[in-house]
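Let's take a look at one protein chain and pick out a few of its residues. Have the 3D view open as you read.

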Amino acid sequence: MSINSQYSFWGSLSPLGGLTGAGLLIMASARLSWAITVAGSLLWVFGLSAFSYAFFVSVGKDKFFPAKGRKSVYTCLSAFFGTIYLFMFWLLCPFAAFETFLLLLLVPLFCACSGIVEKIQLQSQKINADYFEHVSDTVSQAVSLAVLLIAFAIIREPLAYGTLSIPGSSHGMITIINFRQTDFFPIRIFASSAGALFVLGYIICLYQYGKDRINPGEDK
């Protein structure tokens, strides 16, 4: 199986297919405000890192950008743009930045595993290599994970806390919806990682079923 097919939307190494961002998904989906913040970081870091890396490779070629060590360079680019996003978000909302500090530090690590380095390295063997065609594939991974993260948070936060929140205010988040609490809701177990795994397991089952129906025989 080619690398391009593995990293496609339904591929086994995509954020949805392989759930490479499962750890980030569990930690950041406890609050919708956290999910929105991390989703913005995913789009920012993945997009700028992929575009910058493709630009440097196309301009520098092997003379200034040798094949050995490209993974480390891409990791440094991801960390650089992740730091810029964290700094700008801290200027806008310091308490929200403190709440998601660890989560935002993890985003560049997931970006470093996006697979664009391997795809561009294979592409460089061609005479007329077009590196920028892989940028959209990398950004689509970030979009997939960001959408899944926000959707998961919309389901999980009302079940766990009976609220929906967005980043902002001096408290770090603004409650936009406060559901009426009953004897059954909220279910506090969904606020923990164990409860998140219950919900995530159900979503994985639905996803694997849909993947097998839409793209059967991928793992064969």
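## A valine, a salt bridge and a helix

V107 sits in helix α6, which covers residues 101-112. Keep in mind that this is a predicted model. So who are the neighbours? Leaving out residues up to four places away in sequence, V107 touches L24, V38, S41, L42, V45 and F46. Take V45 from that list: V45 and V107 are 62 residues apart along the chain, yet their C-alpha atoms are separated by 7.6 Å.

Now for some charge. Side chains of opposite charge can pair when their charged atoms come close. How many salt bridges does the count come to? The count is 1 salt bridge. R31 pairs up with E157, and their closest N and O atoms are 3.2 Å apart. The two partners come from distant parts of the chain, 126 residues apart: R31 is in the loop between α2 (22-28) and α3 (32-64), while E157 belongs to helix α8 (residues 133-161).

Are these residues buried or exposed? Buried means under 20% relative accessible area, and here is how they do:

| Residue | Relative accessibility | Verdict |
|---|---|---|
| V107 | 0% | buried |
| R31 | 18% | buried |
| E157 | 0% | buried |

Finally, back to α8, the helix that holds E157. With 29 residues at 1.5 Å a residue, α8 should span 42 Å, and its end C-alpha atoms are 43 Å apart, so the two values agree. Just after α8 comes G162, which takes a positive phi of about 75 degrees.

Conventions
Residues are numbered from 1 along each chain as its sequence is written. This is a predicted model: local features need pLDDT of at least 70, side-chain atom pairs count only at pLDDT 80 or more; totals for chains, interfaces and linings use all residues. Side-chain values use heavy atoms; hydrogens and water are left out. A salt bridge is a side-chain nitrogen of Lys or Arg within 4 Å of a carboxyl oxygen of Asp or Glu. Helices (H or I, at least four residues) and strands (E, at least two) are DSSP runs, numbered from the N terminus. Buried means under 20% relative accessible area, exposed over 50%, partly exposed in between (1.4 Å probe, protein chains only). The expected span of a helix is 1.5 Å times one less than its number of residues. Contact means heavy atoms within 4.5 Å.
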